[in-house]
2 protein chains.
Amino acid sequence: MQRYFTITQLTQEFDITTRTLRFYEAQGLVSPTRRGRQRLYTPGDRTRIKLILRGKRLGFSLNEIKEMIEMYGSAPGEAGQLRLLLDRIAARRAELLEKQRDIELTLVELDDVEAGAKARMAVLETGPGKTSGADAASEKS
Amino acid sequence: MQRYFTITQLTQEFDITTRTLRFYEAQGLVSPTRRGRQRLYTPGDRTRIKLILRGKRLGFSLNEIKEMIEMYGSAPGEAGQLRLLLDRIAARRAELLEKQRDIELTLVELDDVEAGAKARMAVLETGPGKTSGADAASEKS
DNA sequence: AGACGTGTTGACTTTAACGTAAAAAGGCGG
DNA sequence: CCGCCTTTTTACGTTAAAGTCAACACGTCT
């Protein structure tokens, strides 16, 4: 079990550049310890990086991701702070649910396009008889 | 039933600026017709705009969105083109499914954080007895 | 005709998220 | 000790996606 990761190990694992990791550090998203000048990433840092990349895949900005990560480590004690935290959680959850709906809609549409394409493929293979005019433009509210 | 939308109608409906719509037009994402110089958006243009915004919410770039929209309108006839189209559809679907998984993971984590916060709230309300050391840092592979 | 609101075009600026290049500092094998 | 490699720091460049600003073109209300 390896205690620390070097920067290049992580860049290879996640297919990113050193520039990216240093940039994330400059933005306060990770804070690797140092041996002299050299950065040493703990397994904890590594999971934070995974969280960052996941956030990016979902289209969140680095600032938003930073907020979310800070939620994770937060143990603010005070009641007002907790209320605020709960609000932020609710907001994020709403965004995520919207994204879920967006994805499902998009998947359905992709299915439609694929079905149409496959139908045309079939026609081409069996020899073009007569072009069927089934063109679903899908114009809803 | 209104035949056309003006640019400001759409900016108000979707909460974007005129600059944005003109930019999308410059990128070839929409092509409103003109009455003189003025842009007139059809219901079809309007749905395209909805598609664009949905794509943005999912973190796709305008170029990616353009590709996807072009898939929709595509009836390329030729077999090679259709193969290529099917490949692209498969690729997009894979991305979307990954995003789905990412979202589900994130939702679970949000649930965790929320549960922790609510627990601390409860302690604060009933009067702090003794701080329970149940701190789930969640360090998985 | 004058003023007003709305729309258009063009140019310049901004912001996020890195890329790229230069120079110096360790560490390490021969 | 020397050369080589990785890492670091600093600084400037780039790209996508708009924002901002200025000036001009319409239709129209009065």
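Two residues count as being in contact when their C-beta atoms, placed from the backbone, lie within 7 Å. With that in hand, welcome to a predicted model in which chains A and B are related by a two-fold axis. Here is a short tour of the symmetry, the surfaces near the two DNA strands, and one residue in a helix of chain A.

**How the two chains relate**

- A turn of 180° with a shift of 0.0 Å along the axis lays chain A on chain B, and the RMSD of that fit is 0.1 Å.
- This is the relation of a two-fold axis.
- The same surface serves both copies, as 100% of the contact residues of chain A recur in chain B.
- Which residue of chain A comes closest to the rotation axis? A:Gly59 does, with its C-alpha at 1.9 Å.

**Around DNA strand C**

- DNA strand C is surrounded by 18 residues, and the closest are A:Thr17, A:Ser61, A:Leu62, B:Thr8 and B:Arg39.
- From chain A, helix H2 (18-26) and helix H4 (62-72) each give two or more residues to this surface.
- From chain B, helix H1 (7-14), helix H2 (18-26) and strand E2 (38-40) do likewise.
- H2(A) provides the largest share of the surface near DNA strand C, with three residues.
- Sorted by class, the surface near DNA strand C holds three nonpolar, nine polar and six charged residues.

**Around DNA strand D**

- For DNA strand D, there are 17 surrounding residues, and the closest are A:Thr8, A:Arg39, B:Thr17, B:Ser61 and B:Leu62.
- Chain A gives two or more residues from each of helix H1 (7-14), H2 and strand E2 (38-40) to the surface near DNA strand D.
- Chain B does so from H2 and helix H4 (62-72).
- H2(B) gives the most to the surface near DNA strand D, contributing three residues.
- The classes near DNA strand D are three nonpolar, nine polar and five charged residues.

**A closer look at A:Ile103**

- A:Ile103 sits in helix H5 of chain A, which covers residues 79-126.
- Is A:Ile103 buried or partly exposed? A:Ile103 is partly exposed, because 19 other C-beta atoms lie within 10 Å, while a buried residue needs 20 or more.
- Leaving aside residues up to four places away in sequence, A:Ile103 touches B:Leu58, B:Leu96, B:Lys99 and B:Gln100.
- Within chain A, A:Ile103 and A:Gly73 are 30 residues apart along the chain, and their C-alpha atoms are separated by 29 Å.

Terms used:
Residues numbered from 1 in each chain as written. Chains lettered and ligands numbered in written order. Predicted model: local features only at pLDDT ≥ 70, side-chain atom pairs only at ≥ 80, totals over all residues. Near = placed C-beta within 6 Å. Helix = DSSP H or I, 4+ residues; strand = E, 2+ residues; numbered from the N terminus. Nonpolar A, V, L, I, M, F, W, Y, C, P; charged D, E, K, R; others polar. Least-squares fit on C-alpha atoms with pLDDT ≥ 70 in both. Buried ≥ 20, exposed ≤ 12 C-beta atoms within 10 Å, placed from the backbone.
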